[in-house]
Amino acid sequence: MTLAERLYLPAILHGLKITVSHFFKKKVTIKYPEEKREFSKVYRGTHVLKRDEIGAERCTACGLCAVACPAEAITMVAAERKKGEEKLYREEKYASVYEINMLRCIFCGLCEDACPKEAIFLTDRITPSTFKRGENIYGKNKLVEPIDKPIDISARQTQAVLEFKKHKEFAHNKVYTEKQLPNKH
């Protein structure tokens with residue numbers, strides 16, 4: 001070995017060259033919360049329970065989302081709609097308790113795929129972190145969208161679903177008035 005190699009001069013100079021080259025590269029760090037990172041259109045964030053056109057909750061407590069959930073994070077209790085609650089709930093059965101344990105949720109999106117009523121969707125909102133376990137169990141108070149501020153989920157719907165909804169004969173999710181209901185014999 002030469003004297004320079006024994007003093008590690010080539011290795012030190014090579015390391016300094018790498019360090020100096022990083023000074024002129026674009027910064028990777030984002031100054032959150034002043035700067036927001038751009039997310040993909042199909043980012044899976046916090047869940048939302050949707051309302052229909054008249055403001056009634058779409059969920060009918062069928063339980064398909066809970067069955068589809070691989071993490072078993074969804075819990076619900078079904079109840080019967082009472083007289084006078086027609087504007088609150090779409091059908092006779094509704095979820096009186098609907099909870100998602102966000103500590104267990106893996107944000108896979110299978111709950112929204114399983115829902116026949118298009119009631120649950122994953123939004124583009126970030127799920128906030130907390131220090132207490134109980135705050136990570138989201139009930140209807142955190143999940144149901146406000147009537148006056150509907151949450152846009154159009155990015156979560158594929159083109160095939162939007163084309164399917166255009167056909168009136170396949171309108172499985174339509175709200176019927178009393179006059180439009182078929183006669184029951």
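Let us start at Pro-33, which sits in the loop between α2 (9-23) and β1. The peptide bond leading from Tyr-32 into Pro-33 is cis, with omega near 5°. Keep in mind as you look around that this is a predicted model.

Now step back to the whole chain. You will find 6 helices and 5 strands, and reading along the sequence gives the pattern α-α-β-α-β-β-α-β-β-α-α. The radius of gyration is 26 Å, well over the 16 Å that the globule rule gives for 185 residues, so the chain is more spread out than a compact globule. Taken along the principal axes, the C-alpha atoms fill a box of roughly 100 × 40 × 30 Å. Of the 185 residues, 30% count as buried. The accessible surface comes to about 14,100 Å², and carbon and sulfur atoms hold 59% of that. Among contacts with a separation of 6 or more, 74% are between residues 24 or more positions apart. As for charge, the chain carries 34 positive and 25 negative charges, whose mean positions are 4 Å apart.

With that frame in place, turn to the interior. In soluble globular proteins, nonpolar side chains tend to be buried together. In this chain, the largest nonpolar core has 22 residues, and those with the most contacts inside it are Ile-74, Tyr-98, Ile-100 and Ile-120. Strands β2, β3 (93-101) and β4 (120-122) each supply at least two residues of this core, and β3 gives the most, with 3 residues. Ile-74 is a good place to look closely: leaving aside neighbours within four places in sequence, Ile-74 is in contact with Cys-65, Ala-66, Cys-69, Tyr-98, Glu-99, Ile-100 and Cys-111.

Met-76 also belongs to strand β2 (residues 74-80). With a relative accessible area of 19%, Met-76 counts as buried, because the cut-off is under 20%. Beyond residues up to four places away in sequence, Met-76 touches Ala-61, Cys-62, Gly-63, Cys-65, Val-97 and Tyr-98. Cys-65 and Tyr-98 therefore appear in the contact lists of both Ile-74 and Met-76. For a sense of scale, the C-alpha atoms of Met-76 and Asp-113, 37 residues apart along the chain, are separated by 17 Å.

A charged residue makes an interesting next stop. Lys-50 is found in the loop between β1 (47-49) and α3 (64-68), and Lys-50 is buried, with a relative accessible area of 10%. Not counting residues up to four places away in sequence, Lys-50 touches Glu-57, Arg-58, Glu-118, Ala-119, Phe-121, Glu-145, Ile-151 and Ile-153. The C-alpha atom of Lys-50 is separated by 28 Å from that of Phe-131, 81 residues apart along the chain.

Finally, two loop residues deserve a look for their backbone. Tyr-8, in the loop between α1 (3-6) and α2, has a positive phi of about 65° although it is not a glycine. Tyr-8 counts as exposed, at 57% relative accessibility. Phe-107 lies in the loop between β3 and α4 (110-114), and its phi, near 50°, is likewise positive in a residue other than glycine. Phe-107 is partly exposed, with a relative accessible area of 22%.

Terms used:
Residues are numbered from 1 along each chain as its sequence is written. This is a predicted model: local features need pLDDT of at least 70, side-chain atom pairs count only at pLDDT 80 or more; totals for chains, interfaces and linings use all residues. Side-chain values use heavy atoms; hydrogens and water are left out. Helices (H or I, at least four residues) and strands (E, at least two) are DSSP runs, numbered from the N terminus. The radius of gyration is taken over C-alpha atoms; the globule rule is 2.2 Å times the number of residues to the power 0.38. Buried means under 20% relative accessible area, exposed over 50%, partly exposed in between (1.4 Å probe, protein chains only). Contact means heavy atoms within 4.5 Å. Accessible areas come from the Shrake-Rupley method with a 1.4 Å probe; for residues, only the protein chains shown count as cover. Lys and Arg count as positive and Asp and Glu as negative; His and the chain ends are not counted. The place of a charge is taken as NZ of Lys, CZ of Arg, CG of Asp or CD of Glu. A nonpolar core is a set of buried Ala, Val, Leu, Ile, Met, Phe, Trp, Tyr and Cys residues joined through side-chain atoms within 4.5 Å.
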